[in-house]
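Q: Hey, can you walk me through this one? I'd like to start with a term I keep tripping over.

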Amino acid sequence: MERSVVVTDGSQDPGTPVTRVGIAVDVPEPWCGFLTRRRAEAGDPQAAYVPAHLTLLGPTDVPLASLPAVERHLAEVAAAHRPYLLHLRGTGTFRPITEVVFVVVAAGISECELLAAAIGQAPELRRESRFPYHPHVTVAQDVAPEALDRVYEDLADFSALFKVEKFTLFSHNGDARWQPRRDFPLGG
């Protein structure tokens, strides 16, 4: 969806048509459905719009005219990185800084960090972040403390091991789920 966004940091002209994108590694089934349902059960309204995933680049407004360059950059990044194993195991939290409970990345951390750093090298994808990048899969956010405690305890023994062979560029129009725009296979 095209939108006009007023940007106050001077990086874009006001009125420039932009689209909101994000880049993530999908959590495959059966774990995706399970973690997404668990997020919904915790009362997190984002579960309806955001299936379980590992974020490489959070929501970022990109000028529509820059999307072809962004996609070329992402193809180059993907070609330069090999597939890897990702092991999700147990839970963690960012509390008390933010009200988030997540599934921990037990193996594949450095691969996620390297991918995220390479993705962020495109000028159109550079963004300010309040916190350093920490790969994880959110399972509850901004819900009652009791719900956070419950999901933290309930998923403490969670484990999933799978091969990451691609990442996905998603777009969002603000009204529905994030929509996959294009997959980028690792290793070309």
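Q: What does "partly exposed" mean, next to buried and exposed?
A: Buried is under 20% relative accessible area, exposed is over 50%, and partly exposed is in between. Take Phe94: its relative accessible area is 26%, so Phe94 is partly exposed. One thing to keep in mind is that this is a predicted model.

Q: OK, what's the mean pLDDT of the protein?
A: The mean is 88, and 90% of the residues reach 70 or more.

Q: And where is confidence lowest, and where is it highest?
A: The low point is strand β1 (residues 3-4), with a mean of 34. At the other end is strand β7 (residues 159-164), at 98. Residues 1-11 have a pLDDT below 50, though in the model this stretch still has 22 contacts beyond near neighbours in sequence. Where pLDDT is low, the predicted coordinates should not be read in detail.

Q: Back to Phe94. Which residue does Phe94 form an aromatic pair with?
A: Phe102. The two rings are 4.5 Å centre to centre, with 35 degrees between the planes, and the pair is tilted. Phe102 has 5% relative accessibility, so Phe102 counts as buried.

Q: How many aromatic pairs does the structure hold?
A: Four. Another one is Phe34 with Phe158: the centres are 6.0 Å apart and the planes are at 5 degrees, so this pair is stacked. It links distant parts of the chain, because Phe34 is in helix α1 and Phe158 is in the loop between α4 and β7, 124 residues apart.

Q: Is Phe158 buried or exposed?
A: Buried, at 9% relative accessibility. Phe34 is at 35%, so Phe34 counts as partly exposed.

Q: Which residues of helix α1 are buried?
A: In α1 (residues 31-41) they are Cys32, Gly33, Leu35, Thr36, Arg38 and Arg39. They pack against β5 (100-107), β6 (136-141) and α4 (145-154).

Q: Arg38 is charged. What does Arg38 form a salt bridge with?
A: Glu41, with the closest N and O atoms 3.7 Å apart. Both residues lie in α1, three residues apart, about one turn of the helix. Arg38 counts as buried at 9% relative accessibility, while Glu41 counts as exposed at 59%.

Q: New topic: how many disulfides does the structure hold?
A: Zero. For Cys32, the nearest cysteine sulfur is that of Cys112, 16 Å away. Cys112 is buried, with a relative accessible area of 0%.

Q: Which other residues of α3 are buried along with Cys112?
A: In helix α3 (residues 109-119), Leu115, Ala116, Ala118 and Ile119 are buried too. Together with Cys112 they cover an arc of only 165 degrees around the axis, so they sit on the same side of α3. Among the elements covering them are β2 (17-26), β3 (53-63) and α2 (67-80).

Q: Last one: how many salt bridges does the structure hold?
A: Ten. One of them joins Glu71 and Arg182, with the closest N and O atoms 3.2 Å apart. That pair links distant parts of the chain, with Glu71 in helix α2 and Arg182 in strand β9 (residues 179-185), 111 residues apart. Lys166 and Asp183 also meet in a salt bridge, at 3.7 Å from N to O. Lys166 is in strand β8 and Asp183 in strand β9. Salt bridges that share partners join Asp26, Lys166 and Asp183 into one network.

How values were computed. Residues numbered from 1 in each chain as written. Predicted model: local features only at pLDDT ≥ 70, side-chain atom pairs only at ≥ 80, totals over all residues. Heavy atoms only, no water. pLDDT = per-residue confidence, 0-100. Helix = DSSP H or I, 4+ residues; strand = E, 2+ residues; numbered from the N terminus. Contact = heavy atoms within 4.5 Å. Buried < 20%, exposed > 50% of the residue type's maximum accessible area, 1.4 Å probe, protein only. Phe/Tyr/Trp six-rings, centres within 6.5 Å; stacked < 30°, edge-to-face > 60°. Disulfide = S-S within 2.5 Å. Arc of directions from axis to C-beta. Salt bridge = Lys/Arg side-chain N within 4 Å of Asp/Glu carboxyl O.
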